[in-house]
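Please open the model in your viewer and switch to a cartoon display, with side chains hidden for now. The tour below goes from one selection to the next.

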Amino acid sequence: MTFSAALAVSARGLRKTYRSRRGRRTIAVQGLDMDVPAGGVHGFLGPNGSGKTTSIRMLLGLVRADAGTMTIFGQPVPERLPEVVGRVGAIVESPKFFPAFSGRKNLELLAEAIGTPRCVVDEVLEETSLGDRGRDRFKSYSLGMKQRLAIAAALLKQPDLLIFDEPTNGLDPAGIREIRETMRGLGDRGKTVLVSSHILAEVEQVADTVSIIGHGRLLASGTVADVIGSNAAASVRLRIADREAAVRVLTDGGLVVRVEGEQLLVDGVTDSADVTRRLAEHGLYVAEIVPVRAALESVFLELTAGESLTGTKEPR
């Protein structure tokens, strides 16, 4: 199969199976297809155990795929991974830094090890908003700052593709916001950022495109707007004097209705005028009706129904 060089990452028919000591077989990834456009932020979404980490490890040559093909910037991997690895920076596990050394010193040691000029250290500290804290000891950093230093380390070789596996795990809201802003800034500067996550509200704010997987298979992909628009059932929120009667009428008509305070949320609506007509036929008149914008999280939950967001970890 021919892959487009315009894609930063592409995979077709990717499959990985693990066997336990007792011989039990676990399918981590089964026939996964995925495309990541070059430039911008791509969210790689799925519940824990859906195959995200395994897929990333196969892409980076850390785990051997049982079947399928993968490319990075048009080059087949892992066969030609040495030719493109210089264009890739990844954080798959928490990197190890020297606690007593400053953030800058840690980066300088890494830069020396990979042959990167020291001047790049200043650049990556600024890119990750750590310029004014570079001389502070690593052990004094907050979790968010430690994660940003890990991103700075990944940027030392000035890669075109950055891969982050659940980068906001364990962070407080301030730390999550910092990582989100860092990723968005990298995408805006032309980098390709592939981020795996199950924090949907955060991904929706930062991602240009997404791939949603479940049980190791692709469930949906495209721009955030397209994925929401093509998969989410429409909803309306309405106010009406006799809520109980309205619920009976709409439920009997096959619609899903939830009471939220003094309002009703009606799912599965293709035409809001149909809702008002049904109610009017029973002498019930709507005071207000407003379309509800679907969220990525509602689409995600619908597509991955039956899978746990906090289930067992994926095979490593």
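Begin by selecting residues 7-19, which form strand β1, together with β2; the two strands pair in the antiparallel sense over ten bridges. Keep in mind while looking that this is a predicted model. If you show A11 as sticks, you will find it standing opposite M34 in β2.

Now widen the selection to the whole sheet, which is open, has four strands in the order β2-β1-β4-β5, and is paired in the antiparallel sense. Its edges are β2, at residues 25-37, and β5, at residues 75-77, and each of these strands pairs on one side only. From one strand to the next, the twist averages 25°.

Next, add residues 52-59, which make up helix α1: this helix packs on the sheet and touches β1, β2, β4 (67-72) and β5, while its direction makes about 115° with that of β1.

Then move on to a second selection, an open sheet of four strands in the order β12-β13-β11-β14, again with antiparallel pairing. Here the edge strands are β12 (256-260) and β14 (286-292), each with pairing on one side only. Direction ignored, neighbouring strands of this sheet are turned by 25° against each other on average.

Within this sheet, pick out β11, at residues 235-240, and follow its antiparallel pairing with β14, which extends over six bridges; V236 is the residue to highlight here, standing opposite P291 in β14.

Finish with residues 243-252, helix α9, which lies across β11, β12 and β13 (263-267) and runs at about 5° to β13.

Definitions and conventions:
Residues numbered from 1 in each chain as written. Predicted model: local features only at pLDDT ≥ 70, side-chain atom pairs only at ≥ 80, totals over all residues. Heavy atoms only, no water. Pairing = 2+ DSSP bridges. Axes fitted to C-alpha atoms, helices over the stretch in contact; angles between N-to-C directions. Contact = heavy atoms within 4.5 Å.
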